[in-house]
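Grab a pencil and keep the viewer open. Try each task on your own before you read its solution.

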Amino acid sequence: MRIFYPNQATLQALKGSNIEVIVGVVNNDLQGLATSPATANTWVQTNIIPYPDVKISYIATGNEIKPSDPLAQYVGLAIQNLNNAITASNLQIKVSTVIDMSLLGNSFPPSAGSFSDSASSYINAVVSILVSTNAPLLANVYPYIAYTSDPTNIKLEYALFTSPGVVVQDGNLGYQNLFDAILDSLYSALEKIGGANLTVIVTESGWPSDGDSGVAATIDNAGTYYKNLISHVKNGTPKKPGPLETYLFAMFDEDQKGPVETEKHFGLFSPNKEPKYQLTFT
């Protein structure tokens, strides 16, 4: 599972559970962690060291920071300072950051994937650090967003993993779903900046069950997406076959979230803990 900040009650509850966890650093902490190794060390001592019996696999240093965000300048240094603090504590936890797909300037066809000029210096610096520390890149991948931004040219079936055959032929590789196409465009972009061997972990992917007046956000579509995503990621993508570590967004509907109505409806469970879908993970 993934938590977006080191909530102490959650970490306490996970003790001895054998559940692997990604622990997030909130964006507002990035500047302090970047400018002070002592602050990074304190963060690790406070939020990681007290939980030796929690299986913390990664630290996500910021979530979806845009290159134009004033905080972007701090991401690389924050990763380095946290990694140094983790290493000094003899812990085997990889430190990375989470990107979204808006950093891509070109994503079609997937082999032509590249980062935008505006994202170039930011993502180059991040990738260089991750390569040097052998850490994965964490990425949020939402076919729902891509589909609803261009429903004229993207078919719903392509976004829901239900296309009966290849929709996009890209050289020797054929694409039956949008998730693979997005992810392989990211792999192609990484190859172009020295990140060909980086592992990518999908730290969010989901589909809302309501909130867009029935355009695509329905309980049936969301259930189809989650069910098909779970079975699909066991096999990876055309470009990179093999199991793909993927996190479903999100555990619960967030009924106080906004401003976009769909933001309230990404949960696998409603706020009263009732399951919205019948999903199996075997």
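Below are five exercises on this predicted model, each with a worked solution.

**Exercise 1. Overall build**

Work out how many helices and strands the chain has, and decide how its radius of gyration sits against the globule rule.

Solution. Start with the elements: the chain holds nine helices and eleven strands. Next comes the radius of gyration, which is 19 Å. The globule rule gives 19 Å for 282 residues, so the chain is as compact as a globular protein of that length. For the outline, picture a box of roughly 55 × 45 × 35 Å along the principal axes, filled by the C-alpha atoms. Finally, look at cover: 49% of the 282 residues are buried.

**Exercise 2. Walk across the strands**

Begin at S2 and follow the strand pairing as far as S10, noting the sense of each pairing.

Solution. Step one takes you from S2 to S3, a parallel pairing with six bridges. Here Gly24 has Ala60 of S3 as its bridge partner. Step two goes from S3 to S4 (residues 94–100), again parallel, over four bridges. Ala60 turns up once more, standing opposite Ser96 in S4. To get from S3 to S4 the chain runs through helix H4 (residues 72–88), and this β-α-β crossover is right-handed. Step three pairs S4 with S7 in the parallel sense over three bridges, with Asn140 of S7 as the bridge partner of Asp100. Step four joins S7 to S10 (residues 200–205), parallel over four bridges, and puts Leu138 opposite Ile201.

**Exercise 3. Check the cover on two strands**

Find out how many residues of S3 are buried, then say which residues of S7 are buried on each side.

Solution. S3 spans residues 55–63, and seven of its nine residues are buried, so call it mostly covered by the cut-off of under 20% relative accessible area. For S7, you need one general idea: side chains in a regular strand alternate between the two faces of the sheet. Now sort S7 (residues 137–140) by side: Leu137 and Ala139 are on one, Leu138 and Asn140 on the other. Those four are all buried, and both faces of S7 are covered.

**Exercise 4. Hunt for salt bridges**

Which residue forms a salt bridge with Arg2, and where do the two partners sit? Then do the job for Asp253 and Glu261.

Solution. The partner of Arg2 is Glu204, with the closest N and O atoms 3.1 Å apart. Arg2 sits in strand S1 and Glu204 in S10, 202 residues apart, and this pair links distant parts of the chain. Both Arg2 and Glu204 are buried.

Asp253 meets Lys276 at 2.8 Å, N to O. Both lie in the segment after strand S11, and the pair ties together parts 23 residues apart in sequence. Asp253 and Lys276 are buried too.

Glu261 meets Lys264 at 3.5 Å, N to O. Glu261 is partly exposed at 36% relative accessible area, and Lys264 is partly exposed at 24%. Glu254, Lys257 and Glu263 are joined into one network by salt bridges that share partners. The full count of salt bridges is seven.

**Exercise 5. A patch on the surface**

Which residues make the nonpolar surface patch of about 260 Å², and is Val26 buried or partly exposed?

Solution. The patch is made by Phe4, Tyr5 and Val26. To place Val26, look in the loop between strand S2 and helix H2. Its relative accessibility is 33%, so Val26 counts as partly exposed.

Methods: Residues are numbered from 1 along each chain as its sequence is written. This is a predicted model: local features need pLDDT of at least 70, side-chain atom pairs count only at pLDDT 80 or more; totals for chains, interfaces and linings use all residues. Side-chain values use heavy atoms; hydrogens and water are left out. Patches are made of residues with over 30% relative accessible area and no salt bridge: like charges are joined within 9 Å, nonpolar side chains (Val, Leu, Ile, Met, Phe, Trp, Tyr) within 5 Å. Accessible areas come from the Shrake-Rupley method with a 1.4 Å probe; for residues, only the protein chains shown count as cover. A salt bridge is a side-chain nitrogen of Lys or Arg within 4 Å of a carboxyl oxygen of Asp or Glu. Buried means under 20% relative accessible area, exposed over 50%, partly exposed in between (1.4 Å probe, protein chains only). Two strands pair if DSSP finds at least two bridges between them. A crossover is right-handed if, with the strands pointing away from the viewer, the path from the first strand over the helix to the second runs clockwise. The radius of gyration is taken over C-alpha atoms; the globule rule is 2.2 Å times the number of residues to the power 0.38.
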